[in-house]
Amino acid sequence: MEEMEEELKCPVCGSFYREPIILPCSHNLCQACARNILVQTPESESPQSRRASGSGVSDYDYLDLDKMSLYSEADSGYGSYGGFASAPTTPCQKSPNGVRVFPPAMPPPATHLSPALAPVPRNSCITCPQCHRSLILDDRGLRGFPKNRVLEGVIDRYQQSKAAALKCQLCEKAPKEATVMCEQCDVFYCDPCRLRCHPPRGPLAKHRLVPPAQGRVSRRLSPRKVSTCTDHELENHSMYCVQCKMPVCYQCLEEGKHSSHEVKALGAMWKLHKSQLSQALNGLSDRAKEAKEFLVQLRNMVQQIQENSVEFEACLVAQCDALIDALNRRKAQLLARVNKEHEHKLKVVRDQISHCTVKLRQTTGLMEYCLEVIKENDPSGFLQISDALIRRVHLTEDQWGKGTLTPRMTTDFDLSLDNSPLLQSIHQLDFVQMKASSPVPATPILQLEECCTHNNSATLSWKQPPLSTVPAEGYILELDDGNGGQFREVYVGKETMCTVDGLHFNSTYNARIKAFNKTGVSQYSKTLVLQTSEDTDSEEQTLPFPVPSERLPLRRMSPFSSTLNLQPSFPGRSYFDFRPSPHQLSLHSSLQSLNAPVAWFAFDPGSAHSDIIFSNDNLTVTCSSYDDRVVLGKTGFSKGVHYWELTVDRYDNHPDPAFGVARIDVMKDVMLGKDDKAWAMYVDNNRSWFMHNNSHTNRTEGGITKGATIGVLLDLNRKTLTFFINDEQQGPIAFENVEGLFFPAVSLNRNVQVTLHTGLPVPDFYSSRASIA
């Protein structure tokens, strides 16, 4: 209701419409606001004065021509034209709603008449503040526009619904809360105003005073006001002129203004236009629904973008950290080489210093000895040793020959680090560089937290690596035969989730996935080992947190959680059966023979409407609302024959619950069978009907009471759905040619409580009938 409030406000004053009138452009104005924005055309420039003076065509001639055309087409009494370019240049203002309005060129003369009855200046024009279409008023002035009584009624109801408490209508300042309403005066009074203005004596003593709430109801139920003709105020509208598209009275028909026009009964046209408006609203409702779904999609995109951004950032940081780690490792290696060279240079220089030090010491000792020998005065003794000393001196001198006094090692390091290619690569590092060079898609990653097994079905989910930029056109899911045999394709397509039904109980299957595009196929993912239920009385099995292993054996893991149900948690999921191909006929035929085991399941709280109340380990359901709400079973069926029953624990006030099957995305807030995603039988205490896509068929006598048993038989081999009440077939076969994945479904309200019974064999009489067939 609050979203409708802007439709109920005048574009000029911004308040709720008061005595609204309808302009020919279909927009509305308050009568007082319409008078306030009138603009008077100068007498000398009016179309009439132009015609009287016989002057040439002016800016206003087209106004008159357009007015004449309107008189001839609709005889409406007022004209219109497309623009107001030659109108007096009155400054524009903006209303509280932001719409440009034209104030009057001069203040209206003081008058004691109401705005509708006050005289309107000659040659007055009014411009619609919403579409800016200008209109010339005739002699009737604003009385020539019809009053919008429907809009008045809507505003009254809206204001009544918004009012927290009814206020006194006679309080002068702050209105007090009303305590009574006079039905004859149609006025709400507080106690002081009632004693002062409506004393219980004289003629007022016969008036009936009622509580305000009752008065509000009686006011709503009072007969609606009958609209009167704008040309003949004493006559009510009785017919509808099809050409003029307006209601008229019988005098309008007799006087000839509408005599040549097609007219129809007012009531018939009222119903016809209501029907047309309802049909138009259906289309608008569909657009609004699509807009809401689109907004949900956009909000989901925001969430997905945020999640992908976090994942992508994490991968990017990991890759950059890996580059940094590799650079640090290389840095350590290079530093080790520098240290090694440093130690080598120091060793060579130190060895040379040590060698030169020893040699210099020897040379210095020889020199000192020779000097002492030269000091001897004994010639014969000197000559005895002089030759030997001369030879030693020359030998020692030769030892200090070329290269002896040259450093064996330079102080410069003979290493030069060429980092320019790496710096260039770092500077050029971009997301384009991160694209895989191979055109083959990357290997898919199994999402173990979304994979599960349930009874003899398995659901697998996978995705592409986050930084993979090579698109995959599809995926190939392969499964072995449960006995360690060869892998066979069970699904090929674009989806990233697949549920495989009809597997052997108490069997181990190996699954793997690969991606493909036009160039080729990727490598296989890691092999996932799936363990189906050991017996028919098993809970849903789900994978725990993934472990880093080349093969992931579910069987050897800790006991599975039975609280997670993935079937209703992924609205985008698709369910598939085995693809018929020559490479898998043996597997497909062996799986089709598994119809004998029965399935045990309960209702699914995850996909049910929030008003559904669960008990008895999710086997018993009821509802907190008086409206019908839908709840699904946990297990979906796509092949075989399945039978389950529901007992009625409580049945009050003769409601009509519905039982049947539905798709995973069935509407949850309407009766089962209202949309095309459900096939159901709804039944009351006397009879039943079959319903699909809101189509009701095969009314059958015989209803339900407390303690009754409803049986549902889904035969996907024969593609039929049949219903039973108290072990007797209810009507003929309800639906035929049912194919796909179906979930048991029930819709009920707070007057009904039912309990689900599963794991039941197919009724004997149906089994014998099927064997004969």
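**A note on two strand regions**

1. A nice place to start is the hairpin of β33 and β34: four residues lie between the strands, and Lys 719 takes a positive phi near 60 degrees there. Strands here are DSSP runs (E, at least two residues), numbered from the N terminus. Please keep in mind that this is a predicted model, where local features need pLDDT of at least 70, side-chain atom pairs count only at pLDDT 80 or more, and totals for chains, interfaces and linings use all residues. Residues are numbered from 1 along each chain as its sequence is written, and side-chain values use heavy atoms, with hydrogens and water left out.

2. Strand β33 (residues 709-715) has partners in β34 and β28; two strands pair if DSSP finds at least two bridges between them. Six bridges link β33 to β34 (residues 720-725) in an antiparallel arrangement, and Leu 713 has Thr 722 as its bridge partner in β34. With β28 (residues 641-651), also antiparallel, there are seven bridges; here Trp 644 is matched with Val 712 of β33.

3. How many residues of β33 are buried? Seven of the seven are (buried means under 20% relative accessible area, 1.4 Å probe, protein chains only), so the strand is largely enclosed by the rest of the structure. In a regular strand the side chains alternate between the two faces of the sheet. On one side of β33, Thr 709, Gly 711, Leu 713 and Asp 715 are buried, and on the other, Ile 710, Val 712 and Leu 714 are too.

4. Elsewhere, three strands form an open antiparallel sheet in the order β10-β9-β11. Strands β10 (187-189) and β11 (209-210) stand at its edges with a single partner strand each, so one side of each lacks a neighbour in the sheet. Two bridges join β9 (residues 180-182) to β11, with Met 181 opposite Val 210.

Conventions. Buried < 20%, exposed > 50% of the residue type's maximum accessible area, 1.4 Å probe, protein only.
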